[in-house]
Amino acid sequence: MRSIWRTLPAGLDRRTARDIALVCVADVLVGASFGAISVSGGLAWWVPVVLSVVVFAGGAQFAAVGVVLAGGSAFAAVVAGLVLNARLLPFGFAVADVLGTRWRTRLVGAHLTTDESVAFAIRHDDPDRRRAAFWVCAVALFGCWNLAVVGGAFAGRLVADTDAFGLDAAFPAVLVALVVPSLSTSRTRVAAAVGAVLAVATTPFLPPGLPVLVALLGLAAAVRRPGRRSQEPSPEPLDLGRSR
Amino acid sequence: MMPLVAILALAAGTFAFRVAGPMARHQVELPPRVEQLLSAAAVVLLVALASTSALMVGQQFAGLARPAGVLVAGVLAVRRAPFPVIVVAAAATTAVLRLLGVA
């Protein structure tokens, strides 16, 4: 460990380095669950692995695989994943300065932008520290996450009867663990509750994959309440890092 | 089924969201309302996915064992339990209930 501390890039303090290491450990567990749940649900081993490398966004990966495992179409899975990843748009604006001016670093840095790397970058004001926190977190997570998904995918093949182990409850439990910290305002909670009721109520009637998208109508409950808007803090960004 | 072309479509769309900010030459600021709406949309979608996958199998009710496990996860998450504890407790609850004969 000592040598790792010494070789850290200038600008990265020990506390940030320790926090990044903790987030990596947590993400290894989420990644391994993702690989295992995908494969034990019946997907080929390369599906979670390729998703992790080219999409590299835990929430969207779970959403897409969840839709498919529930019998939804690949199209519905892509839409669900994209809705979830739309939050990366403001993140890109928030960390544009740390990605530098060279094309290559901007493209690579953009792909490595996650809830976690953004959260670490915006904790600092000093440009060097912002840059160091972002890049160390981004690169470390990319490595940990993808190795964990590969490990989970192979572990998932070993489990024969997933229902006996309650593994079908693990997937919604992962989602709950990820999302509960983000239910910070009553408007978000109302929107989520309305959306959940709509999704469950329409599941028996609509084609698989669609009910989850119907839930987005619950957002109307969150926007159309102008009188109360000023009294409440804006919802926290979905900080998957804290909850993992 | 999740064909490769669907994975690549999701990857391309995701990358577009990620790269728009760094590529915008002038520091365009997104309106705060748009930012709030995008965060809220992500939360709504995750909660809906958690609810349907907890309660339903295909178009049928999933039985009691699975939602009971997910309920335990919810309580633990509200109490800020560590991630592995939440997931293992949910799976264990469901597994034990099934062992006891609860569907």
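Biologist: Before we get to A:Thr16, what counts as a helix here?

Modeller: A helix is a DSSP run of H or I with at least four residues, numbered from the N terminus. Keep in mind that this is a predicted model.

Biologist: OK, so which helix holds A:Thr16?

Modeller: That residue sits in helix α2 of chain A, which covers residues 14–40.

Biologist: Is A:Thr16 buried or exposed?

Modeller: Buried: A:Thr16 has a relative accessible area of 1%, and the cut-off for buried is under 20%.

Biologist: What does A:Thr16 touch, leaving out residues up to four places away in sequence?

Modeller: A:Thr16 has contacts with A:Phe120, A:Arg123, A:His124 and A:Ala133.

Biologist: Zooming out, how many helices and strands does chain A have?

Modeller: Chain A has 14 helices and zero strands. Of its 244 residues, 55% count as buried. If you take the contacts in chain A with a separation of 6 or more, 74% of them join residues 24 or more positions apart.

Biologist: And confidence? What's the mean pLDDT of chain A?

Modeller: The mean is 84, with 87% of the residues at 70 or more. Among the elements of chain A, helix α3 (residues 46–54) has the highest mean pLDDT, 97, and helix α14 (residues 240–243) the lowest, 41.

Biologist: Where else in chain A does pLDDT stay under 50?

Modeller: Residues 1–7 of chain A do that, and the model gives them three contacts beyond four places in sequence. Residues 239–244 of chain A are also below 50, yet that stretch has 25 contacts in the model beyond near neighbours in sequence.

Biologist: Switching to the interface: how many residues does each chain bring to the contact?

Modeller: Chain A brings 90 residues and chain B brings 63. About 6600 Å² is buried between the two chains, with carbon and sulfur atoms giving 80% of that area.

Biologist: How many salt bridges cross the interface of chain B and chain A?

Modeller: Two, by the rule used. There's a salt bridge between the side chains of B:Arg66 and A:Asp168, at 2.8 Å from N to O.

Biologist: Last topic, the surface. Which residues form the nonpolar patch?

Modeller: A:Trp45, A:Trp46, A:Val150, A:Phe154, B:Leu4 and B:Leu8, together showing about 520 Å² of accessible area. Helix α9 (127–158) of chain A and helix α1 (4–23) of chain B each supply at least two of the patch residues.

Biologist: Why can B:Leu4 be in that patch?

Modeller: B:Leu4, in helix α1 of chain B, is partly exposed at 43% relative accessible area, so it clears the patch cut-off of over 30%.

How values were computed:
Residues numbered from 1 in each chain as written. Chains lettered and ligands numbered in written order. Heavy atoms only, no water. pLDDT = per-residue confidence, 0-100. Contact = heavy atoms within 4.5 Å. Patch = residues over 30% accessible without salt bridge, like charges linked within 9 Å, V, L, I, M, F, W, Y side chains within 5 Å. Areas by Shrake-Rupley, 256 points an atom, 1.4 Å probe, with all protein chains shown as cover. Salt bridge = Lys/Arg side-chain N within 4 Å of Asp/Glu carboxyl O. Buried < 20%, exposed > 50% of the residue type's maximum accessible area, 1.4 Å probe, protein only. Buried area = accessible area lost by both parts, 1.4 Å probe.
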